[in-house]
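Colleague: I've got a model open and I'd like to learn how you read helix packing and cores from it. Can we go through it together?

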Amino acid sequence: MRGEDRVSPLKNFVAGGVGGACLLLAGHPLDTIKGLLGLYKGMGAPLAGVAPMMAISFFGFGLGKQLQQTDPGKPLTNSQLFLSGCLAGVFTTVIVAPGERIKCLLQVQAGSDQLKYSGPLDCAVRLYREQGIRSVYKGTILTLIRDVPSNGLYFLTYEYLKNLLASEGQSVSQLSTANILLAGGIAGILNWTIALPPDVLKSNFQTAADGKYRGLLDVLRTLLQDEGPKALYKGFNAVFLRAFPANAACFLGFEVALKGLNWFAPSM
């Protein structure tokens with residue numbers, strides 16, 4: 001099997017944005033599951049954030065690969081791919097933390113009779129005016145705990161499966177659509193296998209009234225006391241139903257966009 005083309009973080013950034021749009025379109029209805037009218041409730045915040053989020057994620061992964069690629073002809077090790085994915089998780093937190101804070105609040109509001117926020121922008125402005133930037137970024141540490149290791153596994157799994165599925169003498173950039181979808185879907189499932197428990201903790205923390213929890217351990221202790229260990233995998237069926245098609249679509253969108261960029265701007 002031949003190696004991959006030269007890593008370009010800039011191309012990864014652009015193609016990652018396309019992949020993010022594909023992920024959102026394929027996965028958001030399954031992320032809310034509240035009936036037909038609720039399928040796209042609270043979509044404004046992720047729509048505004050998911051494309052740049054995935055662009056930054058793929059950029060971070062490409063940059064991590066580039067920084068560790070001392071010999072262009074030598075493939076990266078699994079540990080290097082994992083660390084590159086972890087870097088992507090650090091990069092995306094800047095967008096993910098406030099975006100998901102707003103998304104959670106809007107989805108909680110959609111299920112109640114009280115209307116406090118008129119939309120994503122109004123929600124962000126009110127959070128900032130009431131308690132400053134710390135309120136907008138509430139849950140950032142939990143986001144890092146969730147996204148750094150899960151992104152490491154996410155990208156490692158995808159890269160490993162791409163190499164596994166590539167035929168002898170075939171470049172991983174020549175994989176069939178079916179194999180790209182399979183690798184991306186499995187990567188998405190494994191990502192959420194380790195990301196869901198901290199995601200549940202983060203959602204509880206971000207939607208709680210100010211002062212309810214003293215920190216991460218307090219959220220965990222309260223959740224375990226009230227609902228037991230199974231609460232850490234709350235929403236398991238909906239999340240895993242979404243994970244495969246959404247991430248399969250994401251990586252397919254990324255690969256198609258990357259091929260287009262390699263053809264249109266090979267030196268980019």
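Colleague: How are H7 and H8 oriented to each other?

Modeller: Start with the crossing angle, since 65 to 115 degrees counts as roughly perpendicular. Keep in mind that this is a predicted model. Here the axes of H7 and H8, the latter spanning residues 216-227, come within 10 Å and cross at roughly 100 degrees. The two helices are therefore roughly perpendicular to each other.

Colleague: Which residues in H7 and H8 meet?

Modeller: On the H7 side look for Val200, Leu201, Asn204 and Phe205, and on the H8 side for Leu216, Val219, Leu220 and Leu223. Sorted by class, that contact has seven nonpolar residues, one polar residue and no charged ones.

Colleague: Let's zoom in on one from each helix. Is Val200 buried or exposed?

Modeller: The idea is to compare relative accessible area with a cut-off: under 20% is buried. Val200, in helix H7, has 7% relative accessibility, so it counts as buried. Leu223, in helix H8, is buried too, with a relative accessible area of 5%.

Colleague: What separation do the C-alpha atoms of Leu223 and Val200 have?

Modeller: They are separated by 9.5 Å, with the two positions 23 residues apart along the chain. Then check who touches whom, skipping neighbours within four places in sequence. On that basis Val200 is in contact with Leu223, Ala231, Leu232 and Lys234. Leu223 is in contact with Val200, Leu201, Asn204, Gly228, Ala231, Leu232 and Lys234.

Colleague: And how are H6 and H7 oriented to each other?

Modeller: Same approach, other end of the scale: angles over 145 degrees count as roughly antiparallel. The axes of H6 and H7 come within 8 Å and cross at roughly 170 degrees, and the pair is therefore roughly antiparallel. By class, their contact has 20 nonpolar, eight polar and four charged residues.

Colleague: Let's step back to the whole fold. How many helices and strands does the protein have?

Modeller: Count the elements, then read them in order. The protein has nine helices and zero strands, and the pattern along the sequence is α-α-α-α-α-α-α-α-α. Next, ask how far apart in sequence the contacting residues are. Among contacts between residues at least 6 apart in sequence, 77% join residues at least 24 apart.

Colleague: What percentage of the residues is buried?

Modeller: Buried residues make up 48% of the 268 in the protein. For the outside, look at the accessible surface, which comes to about 13,400 Å², with 65% of that belonging to carbon and sulfur atoms.

Colleague: Now the interior. Which residues touch the most other members of the largest nonpolar core?

Modeller: Think of a core as a network of buried nonpolar side chains and look for its hubs. This one has 30 residues, and those touching the most other members are Met54, Phe58, Tyr154, Phe155 and Phe251. Then ask which elements contribute: H1 (9-32), H2 (44-68), H3 (78-110), H6 (140-165), H7 (177-207) and H9 (236-264) each supply at least two residues. The largest share, seven residues, comes from H9. Apart from this core lies another, of 16 residues, including Leu142, Val219, Leu223 and Ala231.

Colleague: What is Phe251 in contact with, leaving aside its neighbours within four places in sequence?

Modeller: Phe58, Tyr154, Phe155, Tyr158, Ile180, Gly184 and Ala187. Try following one of those partners. Ile180 lies in helix H7 and is buried, with a relative accessible area of 6%. Outside its sequence neighbours within four places, Ile180 is in contact with Tyr158, Leu175, Phe251, Leu252 and Glu255. The C-alpha atoms of Ile180 and Cys250 are 9.9 Å apart, although 70 residues separate them along the chain.

Colleague: What about a polar residue? Is Thr92 buried or exposed?

Modeller: Judge it by accessibility, as before. Thr92 sits in helix H3 and counts as buried, at 4% relative accessibility. Not counting residues up to four places away in sequence, Thr92 touches Met53, Ile56, Ser57 and Asp147.

Colleague: One last case: how accessible is Ala21?

Modeller: Ala21, in helix H1, is partly exposed, with a relative accessible area of 32%. Ala21 and Val50 are 29 residues apart in sequence and 6.8 Å apart in space, C-alpha to C-alpha.

Notes. Residues numbered from 1 in each chain as written. Predicted model: local features only at pLDDT ≥ 70, side-chain atom pairs only at ≥ 80, totals over all residues. Heavy atoms only, no water. Core = buried A, V, L, I, M, F, W, Y, C linked by side-chain atoms within 4.5 Å. Buried < 20%, exposed > 50% of the residue type's maximum accessible area, 1.4 Å probe, protein only. Helix = DSSP H or I, 4+ residues; strand = E, 2+ residues; numbered from the N terminus. Contact = heavy atoms within 4.5 Å. Axes fitted to C-alpha atoms, helices over the stretch in contact; angles between N-to-C directions. Parallel < 35°, antiparallel > 145°, perpendicular 65-115°, else oblique. Nonpolar A, V, L, I, M, F, W, Y, C, P; charged D, E, K, R; others polar. Areas by Shrake-Rupley, 256 points an atom, 1.4 Å probe, with all protein chains shown as cover.
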